[in-house]
Amino acid sequence: MSWQEAQPIIVGKLIVDGTIEGRQIKADTISANKFTGAVEEEYLAYAGDYDISAYNTYNTVLEFDFPAAEWNLFKGKHIDIKSHFQMTAGTTAARSGTFYTQVEVQVPIQFIANPISTFYADSNPESYWQRIYAIGNHTNKFASNMIHIGSYSSPTYKTYKNLHYQYDYELAELVTNGGLGTNTTGWTTVNGTLTAGYYAALAGIANSPEKARTSQQITLASPNPQTYPEPPRKFRLKFYRPSTTNDVNVYISASADPADVLTDVGDSGDVEFNTYDQLNHIAFEFTLDKDVDDFHVIIENETAGGVSFFFENVSIHELQGRTWVDVSAYPSNPISTSELCFSGLSAGNNVGTWVAMTTRLLGMDNNGSSNWYFSDITEAYLGRFQKDIKCRLRMKHDISNITNVTVTHSNIHMQARIVG
């Protein structure tokens with residue numbers, strides 16, 4: 001029984017594929033079980049002993065269905081096909097050409113394209129290609145063939161390439177005057193002095209029991225759910241030290257006092273660093289709760305007294321996960337500023353139409369033999385769906401003056417897996 005909202009209560013079973021968040025949750029009792037379905041489902045199909053004799057004409061080797069995932073959950077659907085062929089030339093004279101393997105799907109009934117995310121225009125890395133990005137990791141929502149850009153009323157379908165995720169795109173610099181080349185503006189120093197120069201010098205007071213330290217307050221922009229969809233927020237701190245003789249402790253603190261050091265949400269430890277492994281270029285990553293509005297970065301001499309520590313180029317960037325992809329920009333850029341994009345599985349075709357998801361080309365050559373054997377692998381990713389999807393495997397060749405090409409067998413492996 002599916003759940004129903006009956007103002008303002010829910011009656012029935014509630015299956016949650018994700019996280020429930022709320023300011024208050026009230027109940028006499030709450031009981032929950034872990035999901036008992038399969039995180040991953042696998043299905044098999046097989047084709048064998050099929051003759052591809054017609055020249056340059058696609059043959060349907062096998063039609064098969066990719067079942068909907070259990071519980072009707074959205075799962076990433078991947079098809080992996082390993083095929084073996086025999087080319088019979090009927091002669092030892094040279095015969096060569098190309099063999100084509102194509103995976104197709106039929107646009108399902110009541111097909112609704114699945115949203116990927118809002119994508120933003122970035123650049124044009126080469127002629128007729130536009131680089132766009134979305135916030136967060138959305139790589140497993142792309143079907144192999146196309147991306148659907150824009151609304152349902154006026155969709156644009158584009159081929160794409162160079163799809164990848166980057167976890168650490170650096171946003172704007174957060175440190176003021178991190179170079180410290182001419183002045184110490186923005187830094188507050190206690191128990192010693194901070195001197196600007198080619199390298200900044202943090203000098204302690206001779207015979208003092210206190211450690212010299214300098215700090216700067218960093219104010220953060222309020223997190224926007226569309227801009228920062230993946231709390232907690234991650235940061236990267238970097239600086240350079242010309243000598244590895246003297247060390248410092250670095251703190252991320254709620255105040256200019258190291259005693260107020262904040263907690264690294266990522267590893268549940270305090271945000272302090274003091275082990276550099278004799279490196280000159282220092283870099284650390286840390287995470288903070290999304291509710292943190294500001295923090296102080298503190299650099300403190302590891303040793304009390306008149307010790308000096310030299311450094312420069314203190315830098316802190318917030319890291320943002322981004323999905324990057326290059327889309328066809330012929331005759332013009334499909335995205336001017338931003339557009340909501342969808343899985344392009346249908347490629348704009350009507351329900352019932354067969355659509356190519358991927359086409360694999362294999363060069364064949366008899367190498368002076370009357371018979372020759374080949375193997376090849378073809379893969380297709382359909383994106384995230386919960387529907388039954390009809391699929392078919394088609395093949396052809398363009399090799400002239402041969403007897404035939406036989407598909408001795410094709411093993412078809414279908415995998416559906418819960419993906420983000």
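Two strands are taken as paired if DSSP finds at least two bridges between them. By that criterion, β16 and β21 pair in this predicted model: six bridges join them, and the two strands run antiparallel. In this pairing, Phe 235 of β16 has Glu 318 of β21 as its bridge partner.

Strand β16 spans residues 233-240. Six of its eight residues are buried, and the strand is mostly covered. β16 also pairs with β19, which comprises residues 281-288. That pairing is antiparallel and extends over eight bridges. Within it, Arg 236 is matched with Glu 285 of β19. Strands of a sheet pair through backbone hydrogen bonds, either parallel or antiparallel.

The overall composition is as follows. The protein contains 26 strands and zero helices. Of its 420 residues, 41% count as buried. The exposed surface is about 21900 Å², and carbon and sulfur atoms supply 47% of it. Among contacts with a separation of 6 or more, 79% link residues 24 or more positions apart.

Confidence was examined next. The pLDDT averages 89 over the protein, and 88% of the residues score at least 70. Residues 1-7 fall below 50; beyond near neighbours in sequence, this stretch has 12 contacts in the model. Where pLDDT is low, the predicted coordinates should not be read in detail.

Strand β21 covers residues 308-328. Besides its bridges to β16, β21 pairs with β14 in the antiparallel sense, over four bridges. Ala 203 is partnered there by Ser 308 of β21. β14 itself runs from residue 200 to 204, and five of its five residues are buried. Ala 200, Leu 202 and Gly 204 point one way from the strand. Ala 201 and Ala 203 point the other way, and residues of both sets are buried. In a regular strand the side chains alternate between the two faces of the sheet.

β14 has a further partner in β13, residues 192-195. These two strands are antiparallel and share four bridges. They form a hairpin with four residues between them. Thr 193 is bridged to Ala 203 of β14. Ala 203 therefore has bridge partners in both β13 and β21.

A separate description applies to an open sheet of five strands. Its order is β12-β15-β20-β17-β18, with antiparallel pairing. β12 (188-190) and β18 (272-273) stand at the edges. Each has a single partner strand, so one side of each is left without a neighbour in the sheet. At the β18 edge, two bridges join that strand to β17, residues 248-253, and the two run antiparallel. Tyr 251 stands opposite Glu 272 of β18.

The nonpolar interior was then considered. The largest nonpolar core has 39 residues. Ile 79, Phe 85 and Met 364 have the most contacts inside it. Strands that each supply at least two residues of this core include β3 (40-52), β4 (59-66), β5 (75-88) and β6. β23 (354-365), β24 (371-385), β25 (389-397) and β26 (404-417) do likewise. The greatest contribution comes from β26, with five residues. A second, separate core has 30 residues, among them Leu 180, Val 250, Ile 252 and Ile 299.

Two buried positions were inspected individually. Val 103 lies in β6, which spans residues 96-106. Its relative accessibility is 1%, so Val 103 counts as buried. Val 103 and Met 357 are 254 residues apart in sequence, yet their C-alpha atoms are 5.7 Å apart in space. Leaving aside neighbours within four places in sequence, Val 103 is in contact with residues including Ile 79, Ile 81, Val 355, Ala 356 and Met 357. Thr 358, Thr 378, Ala 380 and Arg 392 are also among its contacts.

His 148 belongs to strand β9, residues 147-149. At 1% relative accessibility, His 148 likewise counts as buried. Its side chain makes a polar contact of 3.4 Å with the side chain of Tyr 157. Beyond neighbours within four places in sequence, the contacts of His 148 include Ala 113, Pro 155 and Thr 156. Leu 340, Cys 341, Phe 342, Ser 343 and Gly 344 are further residues in contact with His 148.

How values were computed. Residues are numbered from 1 along each chain as its sequence is written. This is a predicted model: local features need pLDDT of at least 70, side-chain atom pairs count only at pLDDT 80 or more; totals for chains, interfaces and linings use all residues. Side-chain values use heavy atoms; hydrogens and water are left out. Buried means under 20% relative accessible area, exposed over 50%, partly exposed in between (1.4 Å probe, protein chains only). A polar contact is a pair of N or O atoms within 3.5 Å; within protein, one must be able to donate a hydrogen and the other to accept it, and residues adjacent in sequence count only if both atoms are side-chain atoms. Contact means heavy atoms within 4.5 Å. pLDDT is the predictor's confidence in each residue, from 0 to 100. Accessible areas come from the Shrake-Rupley method with a 1.4 Å probe; for residues, only the protein chains shown count as cover. A nonpolar core is a set of buried Ala, Val, Leu, Ile, Met, Phe, Trp, Tyr and Cys residues joined through side-chain atoms within 4.5 Å.
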